[in-house]
Amino acid sequence: MSSNMRAIVVMGVSGCGKTSVAMALCERIGAHLIEGDAFHPEQNIHKMKAGIALTDADRQGWLEQLGQGLAQAVASNQIAVLTCSALKRRYRDALRAAVPNLGFVFLELPLAAAAERVGQRPNHFMPVALVDSQFRDLEPPTGEPHVLTVNGTDPLPVIIDRTVAWWQASSQIAAVGD
């Protein structure tokens with residue numbers, strides 16, 4: 001594996017399957033999982049539980065922490081996989097600033113499927129009422145570097161196979177250019 005893509009962000013709206021995909025990917029490639037939700041400050045969690053969408057300002061410190069976690073993992077010679085909604089280009093760019101050549105796996109999912117999945121999650125701080133706000137904020141990563149877009153409704157093994165193939169191909173291309 002080239003040192004060029006040592007970290008991947010599994011991104012998308014709530015309910016798209018970020019955690020399931022990231023856990024399976026980590027198991028498959030021997031990567032270190034960073035669960036983005038675990039880094040939300042209490043005030044953000046309280047806002048979301050109350051049905052209040054987070055603002056860019058709410059997310060700023062959280063994104064900085066996630067970038068630091070990715071950078072530390074890469075500096076420790078680990079392969080890192082982060083779960084993070086990364087809904088806007090500026091959020092993804094903040095993470096890219098922390099880790100050059102960062103890869104993104106965008107789990108694309110229709111609104112109805114996201115709402116259904118979020119509604120089925122027990123004891124999660126993200127209510128169904130906020131799913132619409134996620135889609136309003138979403139700026140798909142079309143045309144951005146190192147992005148793989150996959151159908152979030154595909155079976156998990158299909159998503160993982162596609163992701164691993166993309167990651168390996170991206171790394172081979174990078175190794176030739178190193």
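**Asking why: a predicted chain**

Modeller: In this chain, 77% of the contacts with a separation of 6 or more are between residues 24 or more positions apart. Please keep in mind that the model is predicted.

Colleague: Good to know! What is the pattern of helices and strands along the sequence?

Modeller: There are 7 helices and 5 strands. Reading along the sequence, you meet them as β-α-β-α-α-β-α-β-α-α-β-α.

Colleague: How do you know how confident the predictor is in the chain?

Modeller: From pLDDT, a confidence score that runs from 0 to 100. The chain averages 86, and 88% of the residues score at least 70. Residues 174-178 stay under 50, and the model has 4 contacts for them beyond four places in sequence.

Colleague: Now the sheet. What makes β2 and β5 the edge strands?

Modeller: The open sheet has 5 strands in the order β2-β3-β1-β4-β5, with parallel pairing. β2 (32-35) and β5 each pair on one side only, and that makes them the edges. From one strand to the next, the twist averages 20°.

Colleague: How do you know that β1 and β3 pair?

Modeller: Pairing needs at least two bridges. Strand β1 (residues 7-11) and strand β3 (residues 80-83) have 4 bridges between them, in the parallel sense. With 4 bridges against a requirement of at least two, the two strands count as a pair. If you want one bridge to look at, Ala-7 has Ala-80 as its partner in β3.

Colleague: And which strands does helix α1 touch?

Modeller: Helix α1 (residues 18-29) packs on the sheet and touches β1, β2, β3 and β4 (103-108). The direction of α1 makes about 175° with that of β3. Helix α3 lies across β1, β2 and β3, and runs at about 165° to β3.

Colleague: Why do you say that the buried residues of α2 line one face of the helix?

Modeller: In helix α2 (residues 42-49), the buried residues are Asn-44, Ile-45 and Met-48. Down the axis of α2 they fall within an arc of 100°, so they line one face. A helix has 3.6 residues a turn, so residues three or four places apart point the same way. The buried residues of α2 pack against α3 (56-75).

Colleague: Which residues are exposed on the other side of α2?

Modeller: Those are Glu-42, Gln-43 and Lys-49. Being called exposed takes a relative accessible area over 50%. After α2 comes Gly-51, with a positive phi near 80°.

Colleague: What makes Ala-86 stand out in its backbone?

Modeller: Ala-86 has a positive phi of about 45° although it is not a glycine. Most residues other than glycine have a negative phi. You will find Ala-86 in the loop between β3 and α4.

Colleague: Why is Ala-86 called buried?

Modeller: The cut-off for buried is under 20% relative accessible area. Ala-86 has 0%, so it counts as buried.

Colleague: What about Asn-101: what is its phi?

Modeller: Asn-101 has a positive phi too, near 60°, and is a residue other than glycine. Asn-101 sits in the loop between α4 and β4.

Colleague: Why is Asn-101 called partly exposed?

Modeller: Partly exposed lies between the cut-offs of 20% and 50%. Asn-101 has a relative accessible area of 31%, so it belongs in that class.

Colleague: Where is Ala-98 found, and what does Ala-98 touch?

Modeller: Ala-98 is part of helix α4 (residues 89-98). Leaving aside residues up to four places away in sequence, Ala-98 touches Gly-67 and Ala-71. The relative accessible area of Ala-98 is 30%, so it is partly exposed. From C-alpha to C-alpha, Ala-98 and Glu-64 are 8.3 Å apart, with their positions 34 residues apart in sequence.

Colleague: Last one. What does Leu-138 touch?

Modeller: Leu-138 lies in the loop between α6 (131-137) and β5 (147-151). Not counting residues up to four places away in sequence, Leu-138 touches Val-13, Leu-87 and Phe-106. These count as contacts with heavy atoms within 4.5 Å. The C-alpha atoms of Leu-138 and Arg-89, 49 residues apart along the chain, are separated by 8.8 Å.

How values were computed: Residues numbered from 1 in each chain as written. Predicted model: local features only at pLDDT ≥ 70, side-chain atom pairs only at ≥ 80, totals over all residues. Heavy atoms only, no water. Buried < 20%, exposed > 50% of the residue type's maximum accessible area, 1.4 Å probe, protein only. Arc of directions from axis to C-beta. Axes fitted to C-alpha atoms, helices over the stretch in contact; angles between N-to-C directions.
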